[in-house]
Amino acid sequence: MADEMNKNVTMPEPSSLEPMNDEFLQSTTTQSASMWSAVFRRLRRNKMAIAGLVIVILVVLMAVLAKPLSMGNDPYHMLNVNEAPVEIGRPELMPPMRSHPLGTDELARDAWSRLLYGARVSLFIGIVASFLCIVIGTIVGLISGYFGGWVDIVVMRFTDMMLCIPSLVLMVILSAILKGGVFQLILVIVTFGWMSSARLVRGQVLSLKEQEYVESARAIGASGWRIMFNHLLPNTMAPIIVSFSMSISGTIIHEASLSFLGLGIPQPIPSWGNMLTNSQNYMFSAPWLIWWPGLAIFVTVLGFNFLGDGLRDALDPRLKL
Amino acid sequence: MRNFITRRVLQLIPLFVGISFITFWLLTLQGDPFHQLLLNPHIKAEDVARLMHQWNWDKPFLVRYFYWVKEFVTSTFVPSHGNGWGFSILAPGQTARALILQKIPMTLTLGISALVFAFVIALPIGIYSAIRQYSIGDYIGTFFAFFGMSMPAFWFGLMLLLLFGLKLGWLPIGGMHTDLLTVNGSQVDFYAAPWIMQFADRAKHLILPVVVLSLMDVGSWMRYVRSSMLEVIRQDYIRTARAKGAPERTILFKHALRNAMTPIITLIGLSLPSLLAGAMITEQVYSLDGMGRLTIQAVLGNDIFVGMAIVMMDAILVMSGSLLADILYAVVDPRIRYS
């Protein structure tokens with residue numbers, strides 16, 4: 001639908017005629033290793049991007065070091081009555097204390113260790129699902145853009161159709177059919193999440209395939225697949241990386257939303273989404289439980305958004321994503 | 001232009017068929033909706049059999065689907081001949097259309113208020129951010145934009161509820177209106193109160209849901225307005241306008257903003273349907289009885305006709321949203337012609 005618009009509305013962009021700055025020129029003429037160092041140099045100057053990177057690294061560390069950081073608490077272990085301090089008298093919904101920094105949840109499990117192990121699950125879903133979305137979208141976009149003709153028409157009509165589907169509703173249906181679990185959730189998110197990167201890559205390929213290097217590759221007899229994966233793919237990497245970073249944040253929010261509707265990761269596996277959902281019922285009696293998972297989601301998503309925004313500016317400021 | 005619109009409308013037909021087929025298939029994968037009726041002790045088995053026959057559910061899958069399409073199309077275009085998009089399994093005796101018509105005013109009020117609110121906030125701040133790039137105001141605006149884009153809506157909703165509803169007690173914690181209003185010192189039923197008080201009470205109940213629902217759009221729109229304005233104010237014709245001595249206000253609003261609006265219009269057109277998805281979450285948080293809740297109940301309760309009707313309405317909204325955006329595009333920007 002929208003691609004038809006692009007075809008008819010192409011106007012020369014004045015900014016594309018301007019001379020590029022030295023750094024950019026340098027980065028494109030020398031080897032790819034130095035392109036990445038130029039990108040990193042530009043990224044380093046962007047305070048927001050660095051803040052994002054720091055947040056992302058901290059969250060990843062939290063997930064990796066969940067075991068040592070959890071201070072001997074097991075996220076699945078339900079405390080006994082005699083493990084609770086006498087003055088509280090019950091092991092469930094204990095307020096924060098020294099041995100349980102975030103208190104315990106309604107099943108007397110340590111909230112701090114669940115938050116740490118939840119980081120593993122939420123990040124795993126975010127990263128794997130986004131990665132699969134990008135891989136599928138890239139392959140679809142490459143094929144559609146490169147081959148053109150009826151292949152393009154069929155593939156893009158299908159993509160448009162998937163984009164028109166109210167995805168949250170269909171996600172709810174699909175997760176109700178598949179009934180919980182980390183991999184099922186990833187499948188649900190990927191099924192309704194690959195389309196935007198397919199459109200993105202296709203758009204890039206459409207303009208790239210008219211360039212001389214593709215023509216010369218074809219002239220020396222390179223196969224279609226070789227041109228697609230060795231020549232076109234590396235040149236579409238910039239937008240792909242940016243949309244990967246942005247899509248991780250989207251996926252983490254999706255996981256939380258599906259959990260909120262009762263369809264996320266099932267208990268007892270800890271995830272930020274289902275921690276939020278469960279603690280919602282104790283919002284008034286144990287408000288400290290709902291604080292941290294939500295804050296963790298917010299900060300992580302903010303980090304990935306900052307990083308994605310900075311990466312876009314560093315890789316190609318003219319990119320619109 | 002007319003050719004373009006005709007072609008685009010015709011293209012919607014295969015999309016409609018594809019979406020409805022996939023949704024229909026997924027919904028039936030969940031289980032047999034008529035089988036659920038058997039669980040209800042008040043419904044006799046032969047009644048269920050009769051209903052199944054009446055709604056062609058005793059026929060093969062593809063035939064069933066075909067009858068559903070027929071029913072949907074007739075009910076949509078010739079309502080007097082249709083059966084109101086099918087009947088509701090969860091609320092026997094009600095048609096899908098009746099159920100939807102009951103719930104839609106709530107969601108429309110919520111959605112439109114959120115849309116207007118998001119636009120009114122995002123536009124001025126986005127413009128300010130662009131014309132004072134890298135100022136403190138720009139950084140604050142950018143921070144709020146990212147705040148909105150990164151916040152999980154329902155958690156934010158719950159937090160606002162804790163703060164304004166419970167701690168401060170300024171706003172109600174849910175529902176659409178208070179049951180009893182105080183008029184001249186005496187308690188009066190909501191519907192008996194003067195309309196101005198009804199309105200004020202409803203508005204009070206809508207504040208938090210609207211803020212939560214518009215949060216995400218506010219953030220991303222602000223960024224779009226900013227980047228779109230930034231691109232425009234660097235163009236030569238803006239410099240020309242400055243050079244010939246046009247007042248800054250005219251330059252900003254007449255020369256720059258009009259050109260910057262084109263991508264924003266597309267964005268608004270495309271984000272219309274996402275409000276319904278947002279409503280699914282917001283209505284759940286604030287226990288509002290609208291389309292969002294109906295959607296979840298229908299989809300999880302395997303209420304096939306209601307679910308189908310809602311999904312199709314939403315899909316049509318998406319399709320017409322993008323069509324509308326393309327048309328408005330041409331209206332706003334005379335350089336664009338559709339061949």
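Q: How much area do chain A and chain B bury between them?
A: In this predicted model, local features need pLDDT of at least 70 and side-chain atom pairs count only at pLDDT 80 or more, while totals for chains, interfaces and linings use all residues. Residues are numbered from 1 along each chain as written, chains are lettered from A and ligands numbered from 1 in the order written, and side-chain values use heavy atoms, without hydrogens or water. Buried area is the accessible area (1.4 Å probe) that two parts lose on being put together, summed over both. Of the area between chain A and chain B, 81% is on carbon and sulfur atoms, and the total is about 4500 Å².

Q: How many residues does the contact take from chain A and from chain B?
A: Contact means heavy atoms within 4.5 Å. By that rule, the contact between the chains takes 48 residues from chain A and 53 residues from chain B.

Q: Which side chains meet in a salt bridge at 3.2 Å, N to O, between chain A and chain B?
A: A salt bridge is a side-chain nitrogen of Lys or Arg within 4 Å of a carboxyl oxygen of Asp or Glu, and the count between chain A and chain B is 1. Its two residues also belong to a network of salt bridges that includes A:Arg312 and A:Asp313. The side chains that meet across the chains, at 3.2 Å from N to O, are those of B:Arg223 and A:Asp309.

Q: Which residues of chain B does A:Ser257 touch?
A: A:Ser257 is placed in helix H14 (residues 237–260) of chain A, where helices (H or I, at least four residues) and strands (E, at least two) are DSSP runs numbered from the N terminus. Its relative accessible area is 10% and it therefore counts as buried, since buried means under 20% relative accessible area, exposed over 50% and partly exposed in between (1.4 Å probe, protein chains only). Leaving out residues up to four places away in sequence, A:Ser257 touches B:Phe154 and B:Ile281.

Q: Which residues have the most contacts inside the largest nonpolar core?
A: A nonpolar core is a set of buried Ala, Val, Leu, Ile, Met, Phe, Trp, Tyr and Cys residues joined through side-chain atoms within 4.5 Å. The largest such core has 147 residues, and those with the most contacts inside it are A:Trp272 and B:Phe34.

Q: Which helix gives the most to this core?
A: The largest nonpolar core has 147 residues, and at least three of them come from each of domain 1 (2–81) and domain 2 (100–332) of chain B, with bounds from an automatic or database domain assignment. The element that gives the most, with 14 residues, is helix H16 (residues 288–315) of chain A.

Q: How far apart are B:Val212 and B:Met151 in space, C-alpha to C-alpha?
A: B:Val212 is placed in helix H8 (residues 195–233) of chain B, and it counts as buried because its relative accessibility is 4%. Apart from neighbours within four places in sequence, its contacts include B:Ala153, B:Phe156 and B:Tyr286. B:Val212 and B:Met151 are 61 residues apart in sequence, yet in space their C-alpha atoms are 9.6 Å apart.

Q: Which three residues supply 29% of the area that domain 1 of chain B buries against domain 2 of chain B?
A: The C-alpha centres of the two domains of chain B lie 33 Å apart, and their contact takes 23 residues from domain 1 and 18 residues from domain 2. Together domain 1 and domain 2 of chain B bury about 1800 Å², 78% of it on carbon and sulfur atoms, and the rule finds 0 salt bridges across their interface. The three residues of domain 1 that supply 29% of its buried area, more than any other three, are B:Arg8, B:Leu27 and B:Trp68.

Q: Why are A:Arg157 and A:Asp160 separated by about one helical turn?
A: A:Arg157 forms a salt bridge with A:Asp160, the closest N and O atoms being 3.2 Å apart. A:Arg157 is partly exposed, at 30% relative accessible area, whereas A:Asp160 is buried, at 3%. The separation is about one helical turn because the two are 3 residues apart in helix H8 (residues 149–164) of chain A.
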